[in-house]
Amino acid sequence: MPSDGRIEKLFSLPREEFTSARNALAADLSKAGDREGADTVKRFRKPTVSAWAVNQLAQRGEQGVRTLLSAGAQLRQAQTGLLKGGDAKKLREALAAEAEAVDQLVETAAATLAEAGHGASEAILRRVATTLRAA
């Protein structure tokens, strides 16, 4: 498997370019004698529209991703604190911060999808939000 950033680049491409770029990378790896890497790359599936949108948020270094990760850490701390007899207000505040971060990223994802010519249906945006919350 290449460790030179080609995999990351593959997943940052416009979605419609993924399959041909994946096949080209697999062919390059095969020609270079990396049969195992080529076989692994061939098995990569084209990301769903929602997964592609989340990849774009991460690849573009959106500040909102860092905000969400920070909110997630605060939420975990608040949950742990509450289990130890802490203040429920901190948990409510952490939940609100996480929800706000997710909402902002979903808006950015919708704009990213529109720029790329992909529809941003409610179902797709719900999947984006679910993926972001899981992160």
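The questions and answers below work through the nonpolar cores, one helix and the salt bridges of this predicted model.

Q: Which helix supplies the largest share of the largest nonpolar core?
A: The largest nonpolar core has 17 residues, and among those with the most contacts inside it are Leu68, Val102 and Leu113. Helix H4 (49-59), helix H6 (88-115) and helix H7 (122-134) each supply at least two residues of this core. The largest share, six residues, comes from H6.

Q: How many residues does the second, separate core have?
A: In soluble globular proteins, nonpolar side chains tend to be buried together. Besides the largest core, with its 17 residues, this model has a second, separate core that includes Ile7, Leu10, Leu29 and Val41. The number of residues in this second core is ten.

Q: Which helices are included in what covers the buried residues of H4?
A: Along H4, the buried residues are Val49, Ser50, Trp52, Ala53, Val54, Gln56 and Leu57. Leu113 is in contact with Val49, Trp52 and Ala53, among others, when its neighbours within four places in sequence are left aside. The cover over the buried residues of H4 includes helix H1 (6-12), helix H5 (63-83), H6 and H7.

Q: What is the phi of Gly61, the residue that follows H4?
A: Helix H4 spans residues 49-59, and Gly61 comes after this helix. The phi of Gly61 is positive, and its value is near 65°.

Q: Which residue forms a salt bridge with Arg60, and is that residue buried or exposed?
A: Side chains of opposite charge can pair when their charged atoms come close. Arg60, which lies in the loop between H4 and H5, is linked to a residue of helix H6 that is 55 residues apart from it, and the closest N and O atoms of the pair are 3.8 Å apart. Arg60 counts as partly exposed because its relative accessibility is 43%. The partner has a relative accessible area of 62%, over the 50% cut-off for exposed residues, so the answer is that Glu115 is exposed.

Q: Why are Lys89 and Glu93 separated by about one helical turn?
A: The side chains of Lys89 and Glu93 meet in a salt bridge, with 3.9 Å from N to O. Lys89 is partly exposed at a relative accessible area of 45%, and Glu93 counts as partly exposed at 44%. The separation is about one helical turn because the two residues, both in helix H6, are four residues apart.

Terms used:
Residues numbered from 1 in each chain as written. Predicted model: local features only at pLDDT ≥ 70, side-chain atom pairs only at ≥ 80, totals over all residues. Heavy atoms only, no water. Core = buried A, V, L, I, M, F, W, Y, C linked by side-chain atoms within 4.5 Å. Buried < 20%, exposed > 50% of the residue type's maximum accessible area, 1.4 Å probe, protein only. Contact = heavy atoms within 4.5 Å. Salt bridge = Lys/Arg side-chain N within 4 Å of Asp/Glu carboxyl O.
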